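Welcome! Let us walk through this structure together, one part at a time.

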Amino acid sequence: MLAVYFDQPGGPENLYLKEVAKPSPGEGEVLLRVAASALNRADLLQRQGRYAPPPGASSILGLEASGHVAEVGPGCHGRWKIGDVAMALLSGGGQAQYVTVPEGLLLPIPAGLTLPQAAAIPEAWLTAFQLLYLLGNVQAGDSVLIHAGSSGVGTAAIQLTQMAGAIPLVTAGSQHKLQMAEKLGAAAGFNYKEEDFSEATLKFTKGAGVNLILDCIGGSYWEKNVNCLALDGRWVLYGLMGGADVNGPLFSKLLSKRGSLITSLLRSREKKYKEMLVKAFTEQILPHFSTEGPQHLTPVLDRVYPVTEIREAHEYMETNKNVGKIVLELPQ
């Protein structure tokens, strides 16, 4: 099969398509013939040599994919059969023509969605669902500040926040991104390049601050985050795009707010946790992708590239211009 490959860490120019052995499904696994796979920041970091796959995971890039069931391995429980369309949450391996998936990490594709749209759901939407519902304990009426509001996770989090009856606020780096976020349901958006998002958030919440922050930035935002966190607020950290170091009295400021700092990753979690997450998401959230009305959910795609243009796709993601997901289509 063809797979996205790189021989040594570095820039997008190191990426190429390589013929590699097609995997075989093991106990409780399904083989997916991949139609599309979405890019994630983790792919860029792994390519740069800064984020190794978890032990036992494929070293091929790709944390989510959509396609057709090609084989069902031994010990599967009969839910999936050959030819079924499905999307998958992966620890790696999605940017190839075939990938093996534990059967509990496959999701049915909602009616009306294309395979590229479906490929944009698993990693981003399961991350947003986990951050808001399982870790952030979002409640109706909460105000939620979502950093990188036009990213894959951000565009999912805006919609899931609204669905919970909470109020989504976002930060982004351009007017275009903020307009797109507001179209998706953000109550307000702040351009971090032009204004202090912390002060703007306090102004919007009439001084109360936000109950929940979804933060993929980290170090460079700590002070502003604590400043605009409400009393007893929850700050959920899931990325370090703004660095890992903190200088200053983080603990005393957080303590004075009685704030909770919660951290999370999804890729490195054990299979049992991911299966629980997939099951909850499939039951509670997935039906809303194919229903009309105020609670309708939609994956946001920015660009779709053929996998032969993998270098261009990585270069484009590095410009930070995308609104929603960048998807790769695999040759069928």
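## A guided walk through the model

Let us begin with two strands that lie side by side: strand β8 (residues 143-146) and strand β11 (residues 210-215) pair in the parallel sense, and three bridges join them. If you would like a single place to look, find I146, which stands opposite L214 in β11. Please keep in mind that what you see is a predicted model.

This pair belongs to a wider arrangement. Six strands form an open sheet, and reading across the sheet gives the order β10-β9-β8-β11-β12-β13, with parallel pairing. Where does the sheet end on either side? Its edge strands are β10 (188-191) and β13 (260-263), and each of these pairs on one side only. As you move across the sheet, neighbouring strands are turned against each other by 20 degrees on average, direction ignored.

Helices pack on this sheet as well. Helix α5 (residues 175-184) touches β9 (167-172) and β10, and the direction of α5 makes about 165 degrees with that of β10. Helix α6 (residues 197-204) also packs on the sheet, where it touches β8, β9, β10 and β11. For α6, the angle with the direction of β10 is about 160 degrees.

Now let us turn to another set of strands, with strand β3 (residues 29-38) as our guide. How enclosed is β3? Eight of its 10 residues are buried, so the rest of the structure largely encloses this strand. β3 has several partners to visit. With strand β4 (residues 64-72), β3 pairs in the antiparallel sense over seven bridges, and here A36 stands opposite S66 in β4. With strand β6 (residues 98-102), the pairing of β3 is again antiparallel, over five bridges; the bridge partner of L32 in β6 is V99. Strand β15 (residues 325-329) runs antiparallel to β3, and three bridges join the two. There, you can find A38 opposite V327 in β15. One of these partners deserves a second look: four of the five residues of β6 are buried, so β6 is largely enclosed by the rest of the structure.

Staying with β4 for a moment, follow the chain into the loop between β4 and β5 (85-89), where G83 sits. Is G83 buried or exposed, or something in between? Its relative accessible area is 45%, so G83 counts as partly exposed. Leaving aside its neighbours within four places in sequence, G83 is in contact with H68 and V69. G67 makes a useful reference point too: G83 and G67 are 16 residues apart in sequence, and their C-alpha atoms are 9.1 Å apart in space.

For contrast, look at A42, which has its place in helix α1 (residues 41-47). With 12% relative accessibility, A42 counts as buried, because the cut-off for that label is under 20%. Beyond its neighbours within four places in sequence, A42 is in contact with Y51, L63 and R267. Y133 lies 91 residues from A42 in sequence, and the two are 22 Å apart in space, C-alpha to C-alpha.

Our next stop is a meeting of two helices. The axes of helix α3 (residues 122-135) and helix α9 (residues 271-284) come within 10 Å and cross at roughly 90 degrees. The two helices are therefore roughly perpendicular to each other. Which residues make the contact? On the α3 side they are W125, L126, F129, Q130 and L134, and on the α9 side they are Y273, M276, L277, V278, A280, F281 and Q284. Sorted by class, the contact of α3 with α9 has 10 nonpolar residues, two polar ones and no charged ones.

α3 itself is largely enclosed by the rest of the structure, since 11 of its 14 residues are buried. Among the buried residues are W125, L126, F129 and Q130, and also P122 and E123. After α3 comes N137, whose phi is positive, near 50 degrees.

Finally, let us step back to a longer stretch of the chain. In an unreviewed entry, UniProt places the feature "domain: Enoyl reductase (ER)" at residues 10-328. Within the model, this span is 29% helix and 25% strand, and its end C-alpha atoms lie 20 Å apart.

Conventions:
Residues are numbered from 1 along each chain as its sequence is written. This is a predicted model: local features need pLDDT of at least 70, side-chain atom pairs count only at pLDDT 80 or more; totals for chains, interfaces and linings use all residues. Side-chain values use heavy atoms; hydrogens and water are left out. UniProt positions are given in the numbering used here, feature names are shortened, and annotations may be inferred rather than shown by experiment. Axes are lines fitted to C-alpha atoms, for helices over the stretch in contact, and angles run from 0 to 180 degrees between N-to-C directions. Angles under 35 degrees count as roughly parallel, over 145 as roughly antiparallel, 65 to 115 as roughly perpendicular and the rest as oblique. Contact means heavy atoms within 4.5 Å. Ala, Val, Leu, Ile, Met, Phe, Trp, Tyr, Cys and Pro count as nonpolar, Asp, Glu, Lys and Arg as charged, and the others, Gly among them, as polar. Two strands pair if DSSP finds at least two bridges between them. Buried means under 20% relative accessible area, exposed over 50%, partly exposed in between (1.4 Å probe, protein chains only).
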